[in-house]
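I opened this entry to look up helix packing, one pair at a time. I also wanted to check one residue beyond the last helix I looked at.

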Amino acid sequence: MARVRILLLGGTTEARELAPRLTALGFDVVSSLAGRVAEPVLPAGDVRIGGFGGSAGLAAYLRDEKVDAVVDATHPFAEHISANAYAAARDVGAHHLLLRRPGFILHPEFEVVPDVHHAAAAIEPGAHVFLTIGRQHVAAFAHVDARFLIRAIDPPTVLPHHHVLLLDRGPFALEDEVELMQRHGIDTLVTKDSGGSATAAKLDAAAQLGMRVIVIARPPVPEGADMIGEVEAAVDWAARLL
Ligand SMILES: NC(=O)c1ccc[n+]([C@@H]2O[C@H](COP(=O)([O-])OP(=O)(O)OC[C@H]3O[C@@H](n4cnc5c(N)ncnc54)[C@H](OP(=O)(O)O)[C@@H]3O)[C@@H](O)[C@H]2O)c1
């Protein structure tokens, strides 16, 4: 009998944890990456890289590859692929699960804004900002009158005039984050509510140092999607497909 085929949309720690777990259960797993990062940490097993061409392209892929189930373990801010995955799975009648890690624990004094543009507008002129929002939306801060320490895995294409670029990948420890922010005289942290233990320490460090913290809220998830927050729960969900 043919094995149950799962397309695992990844680019996250959770997806890398999940791939071997699903394979061990006997699923035929293909992990998918967008191809954004120059040297991605690859999951175990079969991997395909690159976009599908919107939800129609993804639906065609699901049909052609006879995919039975889509597990969307992409990053909480990867809203386009998540919307497409839900639509495409419904279109072809494949099972669908959204694995979304819980958000960060936010202190009441943190300021939560809806998007990068609101975050850019909220920065005080002359602030010393630690910007950790990934590479893609740094351009929104290009004209902000402030000094930036920008940390990302790969270099952003558009950068603010006054910046120091730090290319690094988590996990990051609390004492290192405190030392980094002190060394650069940071008074404002701008980050996304990505969640996950690997990058949570910057928020604790910022709270400890009493600085201003601006957090960009998550985009909405596809309405009606079956959603869970932990890898273990995704394994249980998949096991019920067998
Ligand atoms: N956004 C973040 O902050 C962030 C942080 C860490 C990791 N990531 C990872 O980086 C990838 C891209 O994120 P994004 O914010 O650019 O996503 P996005 O805005 O939702 O996606 C834009 C387009 O990229 C393609 N794509 C995205 N994820 C894909 C995947 N896993 N496999 C194949 N194609 C994919 C799709 O192209 P087509 O329409 O052509 O199919 C999608 O429409 C995701 O895999 C995500 O998990 C994102």
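My notes on two helix pairs, a buried helix face and a single leucine follow.

**Before starting.** I am working from a predicted model.

**Entry 1: α5 and α6.** I first looked up α5, residues 174-183, and α6, residues 201-208. Their axes come within 8 Å. The crossing angle is roughly 55°. I checked this against the classes: roughly parallel needs an angle under 35 degrees, and roughly perpendicular runs from 65 to 115. The pair is therefore oblique. I noted the hand of the α5 and α6 crossing as right-handed.

Which residues make the contact between α5 and α6? From α5 I listed Leu174, Glu177, Val178 and Met181. Their partners in α6 are Ala201, Lys202, Asp204, Ala205, Ala206 and Gln208. I sorted the residues of this contact by class and got six nonpolar, one polar and three charged.

**Entry 2: the buried side of α7.** Next I went to α7, residues 231-239. I found Val231, Ala234, Val235, Trp237 and Ala238 buried there. Are they on the same side of the helix or spread around the axis? They span an arc of only 160° around the axis, so they lie on the same side of α7. I wrote down the general reason beside it: an α-helix has 3.6 residues a turn, so residues three or four places apart point the same way.

I then asked what these buried residues pack against. The list has four strands' entries and a helix to look up: β1 (5-9), β4 (69-72), β5 (95-99) and β12 (227-228), plus α1 (13-24).

**Entry 3: α1 and α7.** I followed up the helix partner. The axes of α1 and α7 are 10 Å apart, and the packing angle is about 35°. I recorded this crossing as right-handed.

On the α1 side I listed Glu14, Glu17, Leu18, Arg21 and Leu22. On the α7 side the contact takes in Val231, Glu232, Ala234, Val235 and Ala238. By class, I have six nonpolar, four charged and no polar residues in the contact of α1 with α7.

**Entry 4: Leu241.** Last, I looked up Leu241, in the segment after α7. Is Leu241 buried, partly exposed or exposed? Its relative accessibility is 23%, so I logged Leu241 as partly exposed; buried would need under 20%.

I checked its neighbours, leaving out residues up to four places away in sequence. Leu241 touches Phe27, Ala69 and His95. I also took one C-alpha separation: Leu241 to Leu62 is 17 Å, with their positions 179 residues apart along the chain.

Key. Residues are numbered from 1 along each chain as its sequence is written. This is a predicted model: local features need pLDDT of at least 70, side-chain atom pairs count only at pLDDT 80 or more; totals for chains, interfaces and linings use all residues. Side-chain values use heavy atoms; hydrogens and water are left out. Axes are lines fitted to C-alpha atoms, for helices over the stretch in contact, and angles run from 0 to 180 degrees between N-to-C directions. Helices (H or I, at least four residues) and strands (E, at least two) are DSSP runs, numbered from the N terminus. Angles under 35 degrees count as roughly parallel, over 145 as roughly antiparallel, 65 to 115 as roughly perpendicular and the rest as oblique. A crossing is left-handed if the near helix is turned anticlockwise from the far one by less than a right angle, and right-handed if clockwise. Contact means heavy atoms within 4.5 Å. Ala, Val, Leu, Ile, Met, Phe, Trp, Tyr, Cys and Pro count as nonpolar, Asp, Glu, Lys and Arg as charged, and the others, Gly among them, as polar. Buried means under 20% relative accessible area, exposed over 50%, partly exposed in between (1.4 Å probe, protein chains only). The arc is that of the directions from the helix axis to the C-beta atoms.
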